[in-house]
Amino acid sequence: MDLPLKNNRNFLTINAEDGLEVLKGLSSPVRISILKLLHSRGPLNVNEISDVLSLPQSTVATNVQVLEGCDLIRTETVKATKGQQKICAARFDEIVVRFDDYDLKTRSNVIELSMPLGLYTNCNVSPPCGLCSSEAVIGLLDVPDFFLDPDRMKAGLIWFERGHVEYKFPNNAKILQAEIEALEFSMELSSEVPGTDANWPSDVSVWVNDVLVGTWTSPGDFGDKRGIYTPRWWKLEGSQYGHLKTWKITDDGTYLDSERTSDVTLDQLHLAEHHSIRLRVGIDEHAEHPGGLNIFGKGFGNHDQDIILRLHIRREPERGSAPA
């Protein structure tokens, strides 16, 4: 059953200290009005914005220039009846400002983000399927419609026989204007069968920006012992834990747990062109072993983590420092 969520939303995550240009762009009521108008109406030219907001064209033009300078809108100059006109469009639906200690410009060359299992932006699953939090089952089992339930945000375990779930991670390397050397995704996975069966192979595939980067054949669905973090209320007959698997895409191919698994390279993902990185996990419709999928998150399995993204970035040497 196809259950599309709105998956064309674009969002930007900035650090309060490092995103001063963006904050400057948001600091004017006029610019906020322009952004809201472009978000609701779509692309408009300066004259149209001026008419709708009842503002002088010179005021609109000045503020459009500021929004363009801090990359909050995109503009395109096209031919008009007389001369040329500038078409303006909003880049983002949501802007998140972080005030915690998370520092995008850490000394490390790795940016790590954790995505809760339930924060998928698109899904297409078939039963047997379900979700549960560390406290209870979410909705009804084997009813794909409940994959749209708002309580899915609490999910610590997701399972389905066929289909996929898709996630959008912010491309923070683009915010830093840094080049990506490698891209990693880490998650705990197993096959899915009613009950459990340690000998139940399933081909689990991963796509990044719609590109199939690799497939791992899970050996089974494990229920021989309770997962280290699996809650006591979850029946022992249910899936207990999986294998922690890491896909790493580099300039010379894709690796699964350090072993080369495909020829897909970073260039094929076109990361620099997008403010988000889309990860899809599921069972390919042509899979040789379509044995279902369990994804374990925080509060379940043997690894207390959700889906982890790591961006390995190449940084320019600081001024005055000698190259290593």
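Helices (H or I, at least four residues) and strands (E, at least two) are taken here as DSSP runs, numbered from the N terminus. The structure is a predicted model, in which local features need pLDDT of at least 70 and side-chain atom pairs count only at pLDDT 80 or more, while totals for chains, interfaces and linings use all residues. Residues are numbered from 1 along each chain as its sequence is written, and side-chain values use heavy atoms, with hydrogens and water left out.

We can start with the overall picture. The secondary structure of the protein amounts to five helices and 21 strands. The C-alpha trace spans about 70 × 55 × 35 Å along its principal axes. Of the 324 residues, 47% count as buried, where buried means under 20% relative accessible area, exposed means over 50%, and partly exposed lies in between (1.4 Å probe, protein chains only). Contact means heavy atoms within 4.5 Å. Among the contacts with a separation of 6 or more, 71% are made by residues 24 or more positions apart.

Next come the nonpolar cores. A nonpolar core is a set of buried Ala, Val, Leu, Ile, Met, Phe, Trp, Tyr and Cys residues joined through side-chain atoms within 4.5 Å. In soluble globular proteins, nonpolar side chains tend to be buried together. The largest core has 48 residues, and Phe169, Leu183 and Val208 have the most contacts inside it. Strand S13 (residues 179-190) gives the most to this core, contributing five residues. Leaving aside neighbours within four places in sequence, the contacts of Leu183 include Val208, Trp247, Ile249 and Leu266, together with Leu309, Arg310 and Leu311. Apart from the largest core lies another one, of 19 residues, including Val22, Val60, Cys88 and Phe92.

Cys88 leads on to the cysteines. The structure holds zero disulfides, a disulfide being a pair of cysteine sulfur atoms within 2.5 Å. For Cys88, the nearest cysteine sulfur belongs to Cys70 and is 13 Å away. Cys88 counts as buried because its relative accessibility is 0%. Cys123 is likewise in no disulfide, and the nearest cysteine sulfur, that of Cys129, is 9.4 Å away. Cys123 also has 0% relative accessibility, so it counts as buried.

Cys88 appears again in the surroundings of Ile73, a residue of strand S4 (residues 73-79). Ile73 is buried because its relative accessible area is 2%. Not counting residues up to four places away in sequence, Ile73 touches Leu35, Leu38, Val64, Leu67, Glu68, Cys88, Ala89, Ala90 and Arg91. Ile73 and Gly292 are 219 residues apart in sequence, and their C-alpha atoms are 42 Å apart in space.

Val60, named above as part of the core of 19 residues, also takes part in a helix pair. Helix H3 (residues 46-53) and helix H4 (residues 57-69) pack at an angle of about 120 degrees, with their axes 9 Å apart. Here the axes are lines fitted to C-alpha atoms, for helices over the stretch in contact, and angles run from 0 to 180 degrees between N-to-C directions. On the H3 side the contact is made by Val46, Asn47, Ile49 and Ser50, and on the H4 side by Gln57, Val60 and Ala61. By class, this contact has four nonpolar, three polar and no charged residues, with Ala, Val, Leu, Ile, Met, Phe, Trp, Tyr, Cys and Pro counted as nonpolar, Asp, Glu, Lys and Arg as charged, and the others, Gly among them, as polar.

The loops hold some backbone features to look at. Most residues other than glycine have a negative phi, and most peptide bonds are trans. A cis peptide bond joins Pro127 and Pro128, with omega about 5 degrees. Pro128 sits in the loop between strand S8 (122-126) and strand S9 (130-132). Asn209, in the loop between strand S14 (202-208) and strand S15 (211-218), has a positive phi of about 50 degrees although it is not a glycine. Its relative accessibility is 10%, so Asn209 counts as buried. Asp210 lies in the loop between S14 and S15, and its phi, near 75 degrees, is a positive value in a residue other than glycine. Asp210 counts as partly exposed because its relative accessibility is 46%.

One further loop residue is Gln305, placed between strand S20 (293-296) and strand S21 (307-314). Gln305 is buried because its relative accessible area is 16%. Leaving aside neighbours within four places in sequence, Gln305 is in contact with Ser186, Met187, Leu244, Phe296, Gly297 and Lys298.
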